[in-house]
Amino acid sequence: MMKSSNSHLELQQVLQTMKRAHLTHGPADVKLRQDRLLRSINLIRTNYQRLTEAMNADFGHRSSYQSQVADLATTMKMLQHALENLPSWMEATLIDPPESGMQTRIQHQPLGVVGIISPWNFPINLAFGPLAGVFAAGNTAMLKPSELTPRTSELLAELVGASFGPDELEVVLGDAEVGQAFSALPFDHLIFTGSSAVGKHVMRAAAENLVPVTLELGGKSPVMIDTDADITDAVEKTLTVKTFNVGQICLSPDYVLLAEDKLAGFVEASKQFVNKAFPSIADNPDYTSIINDKHYQRLLGLLKDAEDKGAQIISLALAGEAPYNALTRTIAPHLVIGVNDQMAIMQEEIFGPLLPIKTYTDRLDAIAYINANARPLAAYYFGNNPENQQHFADHTTSGGLVINDVMTHVSIDSLPFGGVGHSGIGAYHGEHGFKQFSHAKPVVIQSATNADTSRLRAPYADKQIALEALLKG
């Protein structure tokens, strides 16, 4: 474990030591890779209560169920999936050779030392989720967890130190300045999960050393509810995710596109859903707090800005309960109706329990609106017409698409998870993570009877005649 006082030079020294160890030990075999994955699973399993308590303390209050299902159980499932499938992933991919006797294959080779910068909203999942692919691919890693969840980060460093050698996994603690130094290190690959704004700085720093990057960013993931959709079903599924971790999720629905004549039904269904799921907000153990005062005030600022610019604000808290509470840093789910692009809530990723509603009269206008903005990490479509489903899939671009549900794709380990354009670069999860953190090296074994390079060997006179005959057809 490295403390925040460590300098850029000290970080460099740790990285170089890990790189030398990687070369000295040679490629990790399947048993060592599986052992690292198993140790990761056991780290979470044997310390799940301490990790839950640390996350709760960092958030002020965080639903234990939410922590355990999303940060712990889901992460263990990702690691277990890699553990079970690793032998087949490691097999070379055989390619049909162009000449008889020649052998051609693709060998998946470890990259070396991978840097991981993980965020605060899911501090275990977004640290060990990438590690499933990193360890499966035979790499070692340096991890920089978020300073906004200090208790969880410190506990993680303690547990990693007890489970892994310093040449396998190193945890670097520190603030944003340490994070900047970390992102400038000459890793063999760097994965960053966070905002698009910070992602630009990370990519710029990595470019100085030509470090390849995987950027898992966010953006404004839309929900389009088509005219034939079941409104109650769409509301329940959308608000289930919007209230999970109180919307502090990169995949959380960021706004809804809804036919004008469905608005009243959407509002009524939203009130019924929240009143049933959260009959109280501030003192409800199932309802998570906003991470800190800065983000709490930012979210209230988004509401005020929208209201000042003409939006209708509807708190979904039960009648008589305050819509927000500074003492507990809780904000009830809010609908923001009548939004426009001049409002800050439609310009930045919300990362909270606020849901803008934008109405349309023509479904093609809704699709055009999505396409007029930066490509999101995910898009969600509700509607039962197969042709309209396919039209939406074909005419919008997003990191992932879920039809008639929200965020389901992220828990399916056989699917790639990643963004596109403004929402990210690269993808991981399952075999896609194994490949993302491997070098796909082509290997050719020439047969004794073939000399394929002979066509490049001088003299060329006779070869020129044959070549020209080929070019002329």
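At what angle do helix 9 and helix 10 pack, and how far apart are their axes? That is the opening task in this set of exercises, all worked on a predicted model.

**Exercise 1. Describe how helix 9 packs on helix 10.**

Step 1: get the geometry. Helix 9 and helix 10 pack at an angle of about 50 degrees, and their axes are 9 Å apart.

Step 2: put a word to the angle. Angles under 35 degrees count as roughly parallel, and those from 65 to 115 as roughly perpendicular. The pair is therefore oblique.

Step 3: find the hand. Helix 9 passes helix 10 in a right-handed crossing.

Step 4: list who touches whom. From helix 9 come I231, T232, V235, E236, L239, T240 and T243, and they meet G265, F266, A269, S270, F273 and V274 of helix 10. Sorted by class, the residues of this contact are seven nonpolar, five polar and one charged.

**Exercise 2. Work out the relative direction of helix 3 and helix 6, then look at the contact.**

Step 1: locate the helices. Helix 3 covers residues 48-59 and helix 6 covers residues 150-163. Their axes come within 7 Å and cross at roughly 155 degrees.

Step 2: interpret the angle. The cut-off for roughly antiparallel is over 145 degrees, so helix 3 and helix 6 are roughly antiparallel to each other.

Step 3: go through the partners. On the helix 3 side, look for R50, L51, A54, M55, A57 and D58. They meet P150, R151, T152, L155, E158 and L159 in helix 6.

Step 4: count by class. The contact of helix 3 with helix 6 has seven nonpolar, one polar and four charged residues.

**Exercise 3. Do the same for helix 12 and helix 13.**

Step 1: helix 12 (residues 363-371) packs with helix 13 (residues 386-395) at an angle of about 25 degrees, and the axes lie 11 Å apart.

Step 2: an angle under 35 degrees counts as roughly parallel, so helix 12 and helix 13 earn that label.

Step 3: the crossing of helix 12 past helix 13 is right-handed. R363, L364, I367, I370 and N371 make the contact from helix 12, while helix 13 brings N388, H391, F392 and H395.

Step 4: by class, this contact comes to four nonpolar, four polar and one charged.

**Exercise 4. Map the largest pocket.**

Step 1: take the volume. The largest pocket holds about 1400 Å³ of space.

Step 2: go to the centre. Of the 50 lining residues, G194, S195, S196, A197 and V198 lie nearest the centre of the largest pocket.

Step 3: assign the lining to elements. At least two residues each come from helix 7 (176-183), strand 6 (189-193), helix 8 (196-207), helix 11 (293-308) and helix 12. Helix 8 gives the most, with seven residues.

Step 4: sort the lining. The largest pocket is lined by 21 nonpolar, 18 polar and 11 charged residues.

**Exercise 5. Map the second largest pocket.**

Step 1: the volume here is about 780 Å³. The second largest pocket is lined by 33 residues, and V69, A70, F244, I249 and M407 are the closest to its centre.

Step 2: the elements that give two or more lining residues are helix 4 (64-90), helix 5 (125-136), helix 9 (231-243) and helix 10 (263-277). Helix 4 gives the most, with six residues.

Step 3: by class, the second largest pocket has a lining of 19 nonpolar, 10 polar and four charged residues.

**Exercise 6. Find any enclosed space and say what lines it.**

Step 1: search the whole structure. One cavity of 30 Å³ or more turns up, and about 40 Å³ of space lies in the largest cavity.

Step 2: read off the lining of the largest cavity: M78, H81, A82, G129, A132, G133, Y428, H429, G430 and G433. Helix 4, helix 5 and helix 14 (430-436) each supply at least two of these residues.

Step 3: the classes are four nonpolar, six polar and no charged.

**Exercise 7. Pick out two backbone oddities in loops.**

Step 1: check omega. The peptide bond from A458 to P459 is cis, with omega near 0 degrees. P459 sits in the loop between strand 20 (438-445) and helix 15 (461-472).

Step 2: check phi. V246 is not a glycine, yet its phi is positive, near 45 degrees. You'll find V246 in the loop between helix 9 and strand 9 (255-259).

Methods. Residues numbered from 1 in each chain as written. Predicted model: local features only at pLDDT ≥ 70, side-chain atom pairs only at ≥ 80, totals over all residues. Heavy atoms only, no water. Axes fitted to C-alpha atoms, helices over the stretch in contact; angles between N-to-C directions. Helix = DSSP H or I, 4+ residues; strand = E, 2+ residues; numbered from the N terminus. Left-handed = near helix turned anticlockwise from the far one by under 90°. Contact = heavy atoms within 4.5 Å. Nonpolar A, V, L, I, M, F, W, Y, C, P; charged D, E, K, R; others polar. 1 Å grid on protein atoms, 1.4 Å probe; cavity = no way out; pocket = protein on both sides within 12 Å on 5 of 7 lines; lining within 4 Å. Points joined across faces, edges and corners; volume = space filled by probe spheres on them.
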